[in-house]
Amino acid sequence: MLEESFQEQIDAERKIEPKDWMPDDYRKHLIRQMSQHAHSEVIGMQPEGNWITRAPSLRAKMILLAKVQDEAGHGLYLYSATETLGISREELVQQLHEEKAKYSSIFNYPTLSWADMGAIGWLVDGAAIVNQVSLQRTSYGPYSRAMVKICKEESFHQRQGYEIMAEMAKGTAEQKEMAQDALNRFWWPSIMMFGPQDSDSPRTGNAMKWKIKRQTNDELRQSFIDKTVGQAEVIGLTIPDPDLKWNEDRGHYDFGEMNWEEFWSVVNGNGPCNKQRLAHHKKAHDDGEWVRNAAKEYARKQELLLN
Ligand code: FAQ
């Protein structure tokens, strides 16, 4: 009965709010997806943080710094939204540290040159926008509202990256080569962000039924590729996929096969930087313990004063 009226509410496009009744599996599904999304934002600061001290100008440095700060903010909204489902941030972070919770595969690749800041903004934020615009219509109210604000900031991030790529592509031959090399390295990992093919995606069935996801992994991946090919052409860079070709009948680009072995290897903890990213997160968390303790003590004293 409760389950039926829950599904009716979803089918009628009414948002589910924290105090509404929800099936346990819906709650667990959201905690998993939203916390992994939050972890991705926070771990995602590391590949870019690597370049803040080496940005080529004060302007570039200020913009990159602002972008990385936004990502911390996105992590915070998403942790807060996840906490409305009855789990604490401490537990979520513990799940990350114990490798029970994942984060996006893309952040396990190294950033080797300044052009990688361009490729991340253009492609990684570009892919994140396609995914998150769709998630603005997700059925859980706090997640949906967090996505609206996050998407506005992601648009600025995408433009920041595209500007870097465009500038480098029209610079010296060496600069253009750096931009092309970054595109070559980040293209396939970026389209892997959308997850496994629909036929290999165990979570999609429930996610679509509960309208947590509004489009499947393959639909979103196709939409990202269709948007991005023209952008590469405008700045004179070549997407490293010889099978990429406009298909008049489908009204979409056809594209080559992804290396699924690489995808699962990165997802399962064996990518180029998985160990480094997690170790860095744990160290930062431990180093910040005194700040958390001081904040808790301050809150306790304030409460004593009020009572
Ligand atoms: N990486 O059945 P599905 C950003 C896992 S934010 C790692 O298809 P689902 C901003 C999946 O978790 C980027 N793991 O699962 C930024 C599941 O494992 P589990 C993050 C992956 O949930 C930009 C298993 O494989 N965005 O970039 C990946 O229906 C620049 C089976 O997969 C989000 O998290 C992957 N790529 O679909 C920050 C968006 N793909 O949990 C800094 C929200 C799949 O059963 C710089 N999340 N897996 O153990 C989603 O939309 C979905 O969760 C998907 C996966 C699409 C990621």
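1. Val93, Leu96 and His97 of helix H5 meet Leu278, His281, Lys282 and His285 of helix H12. The model is a predicted one. By class, the H5 contact with H12 divides into three nonpolar residues, three polar and one charged. Helix H5 covers residues 89-97 and helix H12 covers residues 274-287; the two pack at an angle of about 145°, and their axes are 10 Å apart. H5 and H12 cross in a left-handed sense.

2. Helix H4 (residues 58-83) packs against helix H7 (residues 141-169) at an angle of about 165°, and the axes lie 10 Å apart. With that angle, H4 is therefore roughly antiparallel to H7. The crossing of H4 with H7 is left-handed.

3. On the H4 side, the contact with H7 is made by Arg59, Ile63, Leu64, Lys67, Asp70, Glu71, His74, Tyr77, Leu78 and Ala81. On the H7 side, the contributors are Pro142, Tyr143, Ala146, Met147, Lys149, Ile150, Glu153, Glu154, Phe156, His157, Gln160 and Glu163. Sorted by class, the contact of H4 with H7 holds eleven nonpolar, three polar and eight charged residues.

4. Helix H6 (residues 115-135) and helix H8 (residues 173-192) pack at an angle of about 30°, with 9 Å between their axes. H6 and H8 cross in a right-handed sense.

5. In the contact between these two helices, H6 supplies Ala115, Asp116, Ala119, Ile120, Trp122, Leu123, Val124 and Ala127. H8 supplies Met178, Ala179, Ala182, Leu183, Arg185, Phe186, Trp187 and Ser190. The H6 contact with H8 has 13 nonpolar residues, one polar and two charged. Asp116 of H6 and Arg185 of H8 are among the residues that meet here.

6. Turning to the ligand, 35 residues surround it, and the nearest are Arg32, Lys102, Ser201, Arg203 and Lys213. For Lys102, a polar side-chain atom lies 2.5 Å from a ligand oxygen atom.

7. Two further residues also have polar atoms close to ligand oxygen. In Gln36, an N or O atom of the side chain is 2.9 Å from an oxygen atom of the ligand. In Pro202, a polar backbone atom is 3.3 Å from an oxygen atom of the ligand. The Gln36 approach thus involves the side chain, whereas the Pro202 approach involves the backbone.

Terms used: Residues are numbered from 1 along each chain as its sequence is written. This is a predicted model: local features need pLDDT of at least 70, side-chain atom pairs count only at pLDDT 80 or more; totals for chains, interfaces and linings use all residues. Side-chain values use heavy atoms; hydrogens and water are left out. Axes are lines fitted to C-alpha atoms, for helices over the stretch in contact, and angles run from 0 to 180 degrees between N-to-C directions. Helices (H or I, at least four residues) and strands (E, at least two) are DSSP runs, numbered from the N terminus. Angles under 35 degrees count as roughly parallel, over 145 as roughly antiparallel, 65 to 115 as roughly perpendicular and the rest as oblique. A crossing is left-handed if the near helix is turned anticlockwise from the far one by less than a right angle, and right-handed if clockwise. Contact means heavy atoms within 4.5 Å. Ala, Val, Leu, Ile, Met, Phe, Trp, Tyr, Cys and Pro count as nonpolar, Asp, Glu, Lys and Arg as charged, and the others, Gly among them, as polar. A residue is near a molecule or strand if one of its heavy atoms lies within 4 Å of it. A polar contact is a pair of N or O atoms within 3.5 Å; within protein, one must be able to donate a hydrogen and the other to accept it, and residues adjacent in sequence count only if both atoms are side-chain atoms.
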